[in-house]
Structures are given as C-alpha cells and as structure tokens.
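Biologist: Please take a close look at one buried spot in this model and describe what surrounds it. Work outwards from there, and give the cut-offs as you go.

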Amino acid sequence: MAKIASLSDARLVSLESRLQSDWASASENEKARWEKYVDEACRAVCRVIAPKASYELLATYRKSSVPGKAENLPRTQAENALVAAYQNAPTKSLKTQILSIYAPRYTAKELKSMHGEFEQLSDRQIKKAKAHAKTVGAGLTLPKIVHHRTRIDLSKLNHFLTFADQPYFYQDVSYGTRMLKLQSGERAQIMMPNVVRTVTRSTMIEQY
C-alpha cells in the first residue's frame, strides 16, 4: 500500500489491522471503516494505472464489477451521503437538485436500485435530474425569475370595465338562471338569467 501511495501521490491510512470476522457479523462502524479503506485503495490504484483518467476508470470499474447486478455496485461514502440527503430533502426541487449531482453517472436502472431501499424513483424524476445537470448544472439552484408588478390607473380600469359590460356584447338566453355572488363571497338572493357573449374577445379589444 505504501508503494502504491508513493506512485499515485495519494495519502493512504496505514492498515493497522484486518477484518477477522465475516461481513455479515461485522458492526456498522467496522463496515464503514473497511469501506473507507477499500475506497481509498481503489482510488490510489486507479491513479497509478491511469493518472489522467483515474476518475473515469474507477467509475467504469464500479459499473462492471458485478455485471447484471446494479444493486451490488460499490458506492463511496460521498455517494451514500448524497442518497441520504436526497431521502431527507424537504422539497421536490431540492431532491432534483441533489439527484442531478450523481444521476448522470448512472443508468436509470442503477439509480432505481440505489434508491429502492426507501423510495421508488420514476423515469420522469431521473430524466428531470439529468436535464437539470445538463442545462442548469449539477447541484446548482435554478435562477430566480424576478416578476415586477405594474400599477394600473383605476380610472382607466373602470373605463375598460364599463366598456366591456355594455349590453351590446351580451345577450340573454331563454333557459337557465344564475345566482349573483357578492364581492365578500356570499351569495346574494338575486336571480338573473344566463347570458352569453355575442362577440369574441379579439373583437372587443379591437373596438376598444
């Protein structure tokens, strides 16, 4: 390990002991500890084999280490942390933002397997996360669109409403009635016949 570390310029923690029991009997702390050792060793080996493409080599190895069994692909602690962060994200937009960090590196089947323990990912969620990473950026927030309100002159508004409410544009029908509704939300006891508009909106705007 020391020789590999010197060739890859990586700092590896010295292996002071070995796992004496089987994996099923090991505690969670022991598993996390040995996973860290394996992850650091794999990264160091990839740096020695492919100094300029170590990340791509490691990603390819992870995907091909267990062919046909995406659920057994080894994951780094960072990826486990991202999956846990996705699980605890309070909003859908934040989930998409987190998923966009690692979604481009996996297929849809692999992502569904990674999240299958606590939540089923849909194809739409995966496509949305990959599109987010491509258009906005992996892990970046969507830019906020500033909306400005424009104040309307009340005299002009009243003039338009008076024009639009002219009897010329409406006609009573011989069937059906409606109950008038007050501005406060209460229904007034005033019945009136149904009306239909006799001109289109574009015609009303053009005449105005």
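Modeller: Leu111 is in contact (heavy atoms within 4.5 Å) with Tyr102, Ala103, Tyr106, Leu121, Ile126 and Lys130, once its neighbours within four places in sequence are left aside. This is a predicted model, in which local features need pLDDT of at least 70 and side-chain atom pairs count only at pLDDT 80 or more, while totals for chains, interfaces and linings use all residues. Residues are numbered from 1 along each chain as its sequence is written, and side-chain values use heavy atoms, with hydrogens and water left out.

Leu111 lies in helix α6; helices (H or I, at least four residues) and strands (E, at least two) are DSSP runs numbered from the N terminus. With a relative accessible area of 0%, Leu111 is buried. Buried means under 20% relative accessible area, exposed over 50%, and partly exposed in between, with a 1.4 Å probe and protein chains only. The other buried residues of α6 are Glu110, Met114 and His115. Viewed down the axis of α6, the buried residues fall within an arc of 125° (taken from the directions from the helix axis to the C-beta atoms), so they line one face of the helix.

Leu111 also belongs to the largest nonpolar core, which has 14 residues. Such a core is a set of buried Ala, Val, Leu, Ile, Met, Phe, Trp, Tyr and Cys residues joined through side-chain atoms within 4.5 Å. The members that touch the most others are Tyr86, Ile98, Leu99, Tyr102, Leu111, Met114 and Leu121. Two or more residues of this core come from each of α4 (77-88), α5 (92-102), α6 (108-115) and α7 (123-135). Between Leu111 and Leu99, 12 residues apart along the chain, the C-alpha separation is 9.4 Å. Ile98 touches Leu82, Ala85, Tyr86 and Ala89, not counting residues up to four places away in sequence. A separate core of five residues includes Ala164, Phe169, Val199 and Met204. In soluble globular proteins, nonpolar side chains tend to be buried together.

Charged residues also occur in these helices. Lys95 is found in helix α5 and counts as buried because its relative accessibility is 14%. Beyond its neighbours within four places in sequence, Lys95 is in contact with Tyr86, Gln87, Ala89 and Glu119.

The structure holds one salt bridge, defined as a side-chain nitrogen of Lys or Arg within 4 Å of a carboxyl oxygen of Asp or Glu. Asp123 and Lys112 form it, with their closest N and O atoms 2.7 Å apart. This pair links distant parts of the chain, since Asp123 is in helix α7 and Lys112 in helix α6, 11 residues apart. Lys112 counts as partly exposed at 28% relative accessibility, and Asp123 is partly exposed at 41%.

As for the whole protein, there are nine helices and two strands, in the order α-α-α-α-α-α-α-α-β-β-α from the N terminus. Buried residues are 24% of the 208 in the protein. Among contacts between residues at least 6 apart in sequence, 46% join residues at least 24 apart.
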